[in-house]
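Grab your viewer and work through a few exercises on the fold shown here. Try each task yourself before reading the solution under it.

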Amino acid sequence: MDEGGAPGVVLALSTAPDAGTAARIGQALVDERLIACMNVVPGLTSIYRWEGEVRHDSEVLMLMKTRPGRVDALRARISELHPYRVPELLVAPVVEGLAPYCRWVRDETAGDDE
């Protein structure tokens with residue numbers, strides 16, 4: 001993709017029960033270079049059906065930026081680090097982005113999968 005595009009970057013999202021849990025997960029993922037950064041967005045209310053009951057829970061949103069080649073390892077670590085039995089993890093391609101930022105994401109998540 002050209003300089004205006006965002007080749008090789010994905011946005012992963014998940015939720016956590018609170019900011020402290022999200023910070024702990026984010027710190028580990030950045031330390032391990034599985035993500036370049038995580039934004040923790042408080043004030044989320046999740047409404048969902050779980051084990052036959054509709055629930056309304058306060059959560060925080062975790063927005064994570066990484067490369068497609070790191071998604072398998074990210075999926076495994078989220079499963080290990082997360083307190084939920086079934087943690088949310090959705091990954092979407094980034095279609096466009098500021099080239100220097102996208103380059104930074106790729107540089108910060110460089111690993112053996114390249």
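**Exercise 1. Which residue in β3 is the bridge partner of Leu 44, and which is the partner of Tyr 48?**

Step 1: Leu 44 has Glu 59 as its bridge partner in β3. Step 2: Tyr 48 is bridged to Arg 55 in β3. Strands here are DSSP runs of E, at least two residues long, and helices are runs of H or I with at least four, numbered from the N terminus. Before going on, keep in mind that this is a predicted model: local features need pLDDT of at least 70, side-chain atom pairs count only at pLDDT 80 or more, and totals for chains, interfaces and linings use all residues. Residues are numbered from 1 along each chain as its sequence is written, and side-chain values use heavy atoms, with hydrogens and water left out.

Step 3: zoom out to the strand pair, where 12 bridges join β2 to β3 in an antiparallel run. (Two strands pair if DSSP finds at least two bridges between them.) Step 4: two residues sit between the strands of this hairpin, and Glu 51 takes a positive phi near 50° there. Glu 51 counts as exposed, at 62% relative accessibility. (Exposed is over 50% relative accessible area, buried under 20%, partly exposed in between, with a 1.4 Å probe and protein chains only.)

**Exercise 2. In what order do the four strands form the sheet?**

Step 1: the open sheet reads β2-β3-β1-β4, with antiparallel pairing. Step 2: β2 (37-50) and β4 (90-93) are the edge strands; each has a single partner, so one side of each lacks a neighbour in the sheet. Step 3: from one strand to the next, the twist averages 30°. Step 4: add the helix α2, which lies across β1, β3 and β4 and runs at about 140° to β3. (Axes are lines fitted to C-alpha atoms, for helices over the stretch in contact, and angles run from 0 to 180 degrees between N-to-C directions.)

**Exercise 3. Which residues touch the most other members of the largest nonpolar core?**

Step 1: the core has 15 residues, and the top touchers are Ile 25, Leu 29, Met 38, Met 64 and Leu 74. (A nonpolar core is a set of buried Ala, Val, Leu, Ile, Met, Phe, Trp, Tyr and Cys residues joined through side-chain atoms within 4.5 Å.) Step 2: β1 (10-16), α1 (19-31), β3 (53-66) and α2 (71-81) each give two or more residues to this core. α1 gives the most, with four.

Step 3: take Leu 74, in helix α2, which is buried at a relative accessible area of 0%. Leaving aside neighbours within four places in sequence, Leu 74 is in contact (heavy atoms within 4.5 Å) with Ala 12, Leu 29, Leu 34, Ile 35, Met 64 and Thr 66. Leu 74 and Leu 29 are 45 residues apart along the chain, yet their C-alpha atoms are separated by 7.6 Å.

Step 4: do likewise for Ile 25, not counting residues up to four places away in sequence, and you get Met 38, Met 62, Ile 78, Leu 81, His 82 and Pro 83.

**Exercise 4. Is Arg 33 buried or partly exposed?**

Step 1: find Arg 33 in the loop between α1 and β2. Step 2: its relative accessible area is 39%, so Arg 33 is partly exposed. Step 3: check the backbone, where phi of Arg 33 is near 60°, a positive value in a residue other than glycine.
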